[in-house]
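The following questions and answers work through a structure step by step, with the criteria behind each term given where the term is introduced.

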Amino acid sequence: MDTGATISERFRLLASLLAEARDLLDARPRDGTPPLPIATRGWDSFLGALDDDVLERLESQGLAGGWPAHTPPSLLTLIERAREATRTPAPPRPASSLDARPLGLRESARKRAQVDAFTHALVPLAAKATRVVDVGAGHGHLTRAVAVRLSLPVLGLERDQALADRARSLDVDGATTFTVTDVLREGLPFLAGDLVIGLHACGELGDAMVTAAERASASIGLVACCAHRRRDLVRLALTRDPELGAALDVSRPTLGLANLIARDVGVEASRGENLAARERRLALRRLLEAGGPPLRPGAEIDGLNRRVAQRDLPSLVARAYAHRGLPTPTPGAIDEAARWAREHQARIRRMALPRSMLSRALELFVTLDRAKFLEDRGYQVSVFELFPDAISARNLVLMGRPV
């Protein structure tokens, strides 16, 4: 795909791809048994026979990986379509006149790079803005940087009282205002002339920001994150396509695929550590299902922080069972579940490969769905990669302003 393609062209390409591959997206492998969409396409024997080195390469390189010569042609076609659909323009050249000195205290180098890139990208949107509203301000690093570098009044909205208090304490220049509010419950107070911004606004918050900005005729700069974090079980597409219909509405578990990172060094843990955590979660699910009904994918750690899976298996099991008010299984039962998970995880990884190749396509689709929603309502919109994924894998930015 030419990166000069319009938002509508890019959206249509992705929407068609995901609609046709919807069965693959929704069929998350559970125990190494080939999911029906894999078996009906005739890919199960090929995937099951992949050697460990090829599996490692394809998992770590994603769409950039080189597939074996004997890969089924229909699978190669899917991969090439995904590559084409996810090519994304590079960011425009930054406005070098901005002051790029580090702002705020205790910023990590990664956070500082994100703030610097985002504030530079906001310059065109800020030209006619009268106020900036930072949604999910946190400690206020971005809020303060925008206030100083764009010379505009900035309102930071934050749900957590402690974070808002910390942000206020760091604002030595008094250039920002912070308000404690749960915007998903209390609404977004945007006005015409506002520039609405969010750096890694999670899940349904991104949709709420886009629709509220459009209602107020406000400009918006949004880097979204964690598309699956939402209260509803299904994300309804903002752009309604009569030909594709409900095929563009994606369930919360399927949206979790958009977080998959195809590389060896992750933001919070290495790929090896993440694979080990998945194996522990599989063992935990095996234990829980032995004493009850089958669980939906991911339900084994419901109510727990997902990072708990980075601990050893006995600790993970103890936390999960305590949360459910259940007696902890015996060490022998835990060991048996660990052996089962080790054996079955190898096949799960192979059967999950075609689905994982669509992770970036799914993430980009959500962004382009929001972009097309705005464009259809008279906005000038652009979507591009804001910074390298070494800075953050969640690097797609949506920029829009009413015309």
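Q: Does Glu 363 count as buried, partly exposed or exposed, and at what relative accessibility?
A: This is a predicted model, in which local features need pLDDT of at least 70 and side-chain atom pairs count only at pLDDT 80 or more, while totals for chains, interfaces and linings use all residues. Residues are numbered from 1 along each chain as its sequence is written, and side-chain values use heavy atoms, with hydrogens and water left out. Buried means under 20% relative accessible area, exposed over 50% and partly exposed in between, computed with a 1.4 Å probe and protein chains only. Glu 363 therefore counts as buried, at a relative accessibility of 9%.

Q: With which side chain does the side chain of Glu 363 make a polar contact?
A: Glu 363 is found in helix α18, residues 359-375, where helices (H or I, at least four residues) and strands (E, at least two) are DSSP runs numbered from the N terminus. A polar contact is a pair of N or O atoms within 3.5 Å; within protein, one must be able to donate a hydrogen and the other to accept it, and residues adjacent in sequence count only if both atoms are side-chain atoms. At 2.8 Å, the partner of the Glu 363 side chain is the side chain of Arg 394.

Q: Which residues form the nonpolar patch on the surface that includes Leu 233?
A: Patches are made of residues with over 30% relative accessible area and no salt bridge, like charges being joined within 9 Å and nonpolar side chains (Val, Leu, Ile, Met, Phe, Trp, Tyr) within 5 Å. Leu 233, placed in the loop between β5 (219-225) and β6 (234-235), is exposed, with a relative accessible area of 56%. With about 290 Å² of accessible area together (Shrake-Rupley method, 1.4 Å probe, only the protein chains shown counting as cover for residues), the patch is formed by Leu 233, Val 234 and Leu 236.

Q: Which element gives the largest share of the largest nonpolar core?
A: A nonpolar core is a set of buried Ala, Val, Leu, Ile, Met, Phe, Trp, Tyr and Cys residues joined through side-chain atoms within 4.5 Å. The largest one has 70 residues, and those with the most contacts inside it are Leu 47, Trp 67, Val 135, Phe 190 and Met 209. Its largest share, 9 residues, comes from α18.

Q: How many residues apart in sequence are the parts that Asp 207 and Arg 370 tie together?
A: A salt bridge is a side-chain nitrogen of Lys or Arg within 4 Å of a carboxyl oxygen of Asp or Glu, and the side chains of Asp 207 and Arg 370 meet in one at 2.7 Å, N to O. Because Asp 207 lies in helix α12 (residues 204-216) and Arg 370 in helix α18, the pair ties together parts whose separation in sequence is 163 residues.

Q: Which residue forms a salt bridge with Asp 241?
A: Asp 241 is buried, with a relative accessible area of 14%, and it sits in the loop between β6 and β7 (250-251). Its partner lies in helix α1 (residues 7-20), 229 residues apart, and counts as partly exposed at 30% relative accessibility. With the closest N and O atoms 2.2 Å apart, that partner is Arg 12.
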